[in-house]
Amino acid sequence: MAAEVVEVPAAAAAAVSSAATCLALTTMPELPAVACGANRELLVMASLAAPAWKPNDRAPLDLVTVIDRSGSMGGVKLDLVKKTMHHVVAELKSFDRLSIVTFDDAISTELPLTTLDEAGCAAANRAIDALTSGNSTNLAGGIDAGLQQMRKSKQNDVASMIVFTDGMANVGFTADVDIVNQMYDSSYTPHTKVAKKPLPCTVNTFGYGSDHNPRTMKQIAEAGNGVFYYVENEEKITQSFANCVGGLLSVCAQGVTLKFEAVGGTQIKKILTGFEVKELVPNMCYELALADIQSEENRDVLISLQVPSMLEAAEVHAVLTVTVNYRDVIENRQETASCVCHIARPDQVPAGLQVNHKLDLQRNRLSAAEAMETATQLANQGHLEEARKTLTDAVNRIKESTTAGDPFCVNLVKDLEACRDGLQDQHAYTAYGHSTLTTCSAGHYRQRVTSYTHSGLSSYTTTSRVNTMSHFN
């Protein structure tokens, strides 16, 4: 008797959350069917999609800017930062609040968190005009002062801190671990234990030129659930600020978590993501914290499952339940939605099944981001040849994938090749290669545009970011 071939039902191809919430949650398997007698690994993708940007429908913003005014910032750089800050004031609304903190070897709060009504805007612009360059770089002190502003005065759900520097910390705490630990505890000393606890806001960092430490800036941003932006030259200062602010003005969900639960006898082997994963039950249940999501952004997570064999064929086999929880900051309410991923389990897999196109794109994205991160680690140890090979191998994997010709993958390859160009020698790596790798890996892991210099990162742009940049220009 011939083995039965079961038609793959639509439910096996993709599942969409039934709840009508701000974020759309979907799941889709790598393949819509697995033979009932097979015990094999299968990838599933869980995706979140934010709604389109609505310029007149957003949450109020608390924004603290922490600006380096050390001696090296003097001249054109500081003038451009001041010009950009005036644009920030003009872009924010009367229900937003702004603080300006500056640092050289000393720390100064030029403007406490202030509502930007007419008087507040005037005060902010006066504080910006008065900025002058000073001496050394107390980066940790500036960050601490900015966070203290948030801890004492934060009012709005959407709150963020922007840190801009062109140099390395040389006053106060200078080691990465100490700078980050002080973010969690203002009274931190190197001899005290620090418990990681949620910060009062997200933290985004900007490193200008070749003299900052991209590793430090990335760690600060990651501690604050933000991203690191590499500012290549003076022309990019305004663009970088506008890019970040445009994103902050379109935050639609905060405190976003995804929970993954294996069902139907499956086991979770691995969660593929750049975000921190918390194990709740080994091989069965995991949770992922995604922080905030801005309008028109997507978050795609791959879950590697071990799918068990079955005694009988089945039209529908549930393999994974995904639940999202978050705060809708537009409607000011807590939301939750769930989605179940199904596959078909025929006696024989239908001929010609194709790997899911969207999932394969995200597999390539994660492969590229991981290669960039690994190459950075190798280059930091002086192994430039191995770092280049790591990126070349990633390029080859993408070119051999089923989605190699997709414009997104074509641009991923361009980003990998740009990163590899920064590994030609130690001088190139120090001058720009380290920062390029760091900002590209962070952007691709988090699916957020951190630079418009690189084609792949530009694919994450949103209407709000483009709109804000047009205003700043």
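Val281 is partly exposed, with a relative accessible area of 41% (partly exposed lies between buried, under 20%, and exposed, over 50%, with a 1.4 Å probe and protein chains only). Val281 belongs to strand β12, residues 277–281 (strands are DSSP runs of E with at least two residues, helices runs of H or I with at least four, numbered from the N terminus). The model is predicted, with pLDDT of at least 70 needed for local features and 80 or more for side-chain atom pairs, while totals for chains, interfaces and linings use all residues. Residues are numbered from 1 along each chain as its sequence is written, and side-chain values use heavy atoms, without hydrogens and water.

Turning to the pockets, the largest holds about 1,300 Å³ of space (a pocket is an open set of points on a 1 Å grid over the protein atoms alone where a 1.4 Å probe fits, with protein on both sides within 12 Å along at least five of seven lines; lining residues have an atom within 4 Å of a point; a volume is the space filled by probe spheres set on points joined across faces, edges and corners). Its lining has 41 residues, and Glu222, Ala223, Gly224, Asn225 and Glu276 are the closest to the centre. Strand β12 is among the elements that give two or more residues to this lining, but the largest share, six residues, comes from β13.

The second largest pocket offers about 340 Å³ of space. Of its 21 lining residues, Asn298, Asp300, Gln362, Gln447 and Tyr460 are the closest to the centre. At least two lining residues each come from β2, β3, β14 and α8.
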